[in-house]
Structure formats: C-alpha cells, structure tokens
Amino acid sequence: MWRRQVGALLLRHRSMPSSTLRHHHPLPVPDQSPPLASNLLLRLFTSQSGEGGDGATKPFIAFVLGGPGSGKGTQCVRIASDFGFAHLSAGDLLRSEISTGSEKGELILNIIKEGKIVPSEITVELIRKAMESSDAKRVLIDGFPRCEENRIAFERITGTEPDLVIFFDCPEDEMVKRLLGRNQGRVDDNIETIKKRLKVFESLNIPVVDYYTSRGKVHKINATGTEEEIFGAVHKLFSSLR
C-alpha cells in the first residue's frame, strides 16, 4: 500500500545524517517532508489531473498572507462579501481533503501534525482546481504561498502571478493568544505545534513577503486591534483599488 511505502521512506529519511538535508533558510525550522514520500503523495493527487493552461481568462488574484492567528481568514470572509471575491483558503482545502478520510488525506494529516509544509504541487493542484470550479473573476487565496517553493510552483503550474499581495502583520504573542483561545478543535491548535508553525512562518513565509515587496505588490495591514478596526484599514485599501 502507499501508506506502507511512504512510512518506510519516512523512517529511511529520519536515519539520514542532517548534513544531507537541504534547508530553504538558515534559521532552524522543522524538516520539510521527504522528497521521495512527497513524490508518492503527489502521484496520488495528480494521477488524474492536468497542468492547467487551457487558455481560459485568468482572474484577478490576491494572495493574503500572515502568520497563524493573524486573522487573515476572518478578514478574507469580509473582503469576499463586500468586494465580490471568491475566497479560497489553502488550509481549508487541505483540511477538506483530510476530512474525506482518503489515503492521501491521511498522509497530509501526518505532515501537518509534525508541523511540516505540505508539498507545493499538492496545494497548488487543490487551489488550481478550486479556481477553475469557482469560475470567479476575482479570487482571494488565503494562506498561500507559505514559502518560496510554493510561490515558484504556483507560478509554474498556473502560469500566472498574483496581482496583489495583502500581508496581515501581527506580533507573535498576539497570534499565540488567538490560536490558543479560538477552540476550533483543530489538530494543529496546541502550544507545541503552534510554536513549530510560527518558526516555519518566520523562516519561510517572510521571504515570500520580501520577494513580492520588491515587486511592488505588497500592501501591509496592521493586524492588531479589533476585527472592525482591522477591517477598516482593509476596506480602505480595497475601495482604493476599485
């Protein structure tokens, strides 16, 4: 079975000396999922899918970035409602796949429990399919890309870049407080996994923000304060874009 093959590969990967592992950033972060196991998972996802590129008109795309607990998901719901965007959450798409109880969903769940990032191609395929299904002219992609590899995979697979990048800037202590207090029953809302997620965010997500800042696409939102205060700044930004 795929699960046994992947499990064997994971055990083999853990026995490798640390000098053989490749990291995206000099800061210490949790290991990324092993390449061979990721390839098996990718085959499960893409065995019946294409690469896109069917010539359809591409929508206006806004990436929405911010640390776990920064409130970006809540704000995305309001942006979608007030400004007519389709709201696609990378995290929700992954959790939806997990909820099916499929073998690939179980593999994704194990990666998330260990605080690792799901292979880029898997998440991009889920996003691409959701974009095609929505047939929307304006799309918010919430919580993606989470690293430079994600960004590169998105641009390669979809053949496009975001038109806008929103970054919800929130202090770490505030994000931890929100995550521990939201009580949504998520497997990754415990202090140990939260700390891993914040390390991953700092080391892998910030370089994506820096990249798009250099391309003049980033609009930073102060994500402290009440939901209404934060949305006031968001509303002002999107109203100006109209």
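Which helix holds the place of R95? Let's work our way there with the viewer open.

**Before you click.** You're looking at a predicted model, where local features need pLDDT of at least 70, side-chain atom pairs count only at pLDDT 80 or more, and totals for chains, interfaces and linings use all residues. Residues are numbered from 1 along each chain as its sequence is written, and side-chain values use heavy atoms, with hydrogens and water left out.

**Whole chain.** Show the protein chain as a cartoon and you'll find ten helices and five strands. Both are DSSP runs numbered from the N terminus: helices are H or I with at least four residues, strands are E with at least two. Of the 242 residues, 45% count as buried, meaning under 20% relative accessible area; exposed is over 50%, and partly exposed is in between (1.4 Å probe, protein chains only). Switch on the surface: the chain exposes about 12,500 Å², with carbon and sulfur atoms supplying 51% of it. Those areas come from the Shrake-Rupley method with a 1.4 Å probe, and for residues only the protein chains shown count as cover.

**Strand β3.** Now select residues 138-142. This is β3, and four of its five residues are buried. Add residues 60-66, strand β1, which runs parallel to β3 and is joined to it by five bridges. Then add β2, residues 86-89, which pairs with β3 in the parallel sense over four bridges. (Two strands pair if DSSP finds at least two bridges between them.) Zoom in on L140 in β3: A62 stands opposite it, and so does H87.

**F144.** Step along to the loop between β3 and α7 (148-158), where F144 lies. Buried or exposed? F144 counts as buried because its relative accessibility is 1%. Leaving out residues up to four places away in sequence, F144 touches F63, V64, L65, A90, T123, V124, I127, N150 and F154; a contact here means heavy atoms within 4.5 Å.

**R95.** Finally, select residues 90-99: this is helix α4, and R95 is in it. R95 counts as partly exposed because its relative accessibility is 30%. Show side chains and look for the polar contact between those of R95 and D92, at 2.8 Å. That term covers a pair of N or O atoms within 3.5 Å; within protein, one must be able to donate a hydrogen and the other to accept it, and residues adjacent in sequence count only if both atoms are side-chain atoms.

**One last selection.** An unreviewed UniProt entry places the feature "binding site" at positions including R95, F144, G143 and R146. UniProt positions are given in the numbering used here, feature names are shortened, and annotations may be inferred rather than shown by experiment.
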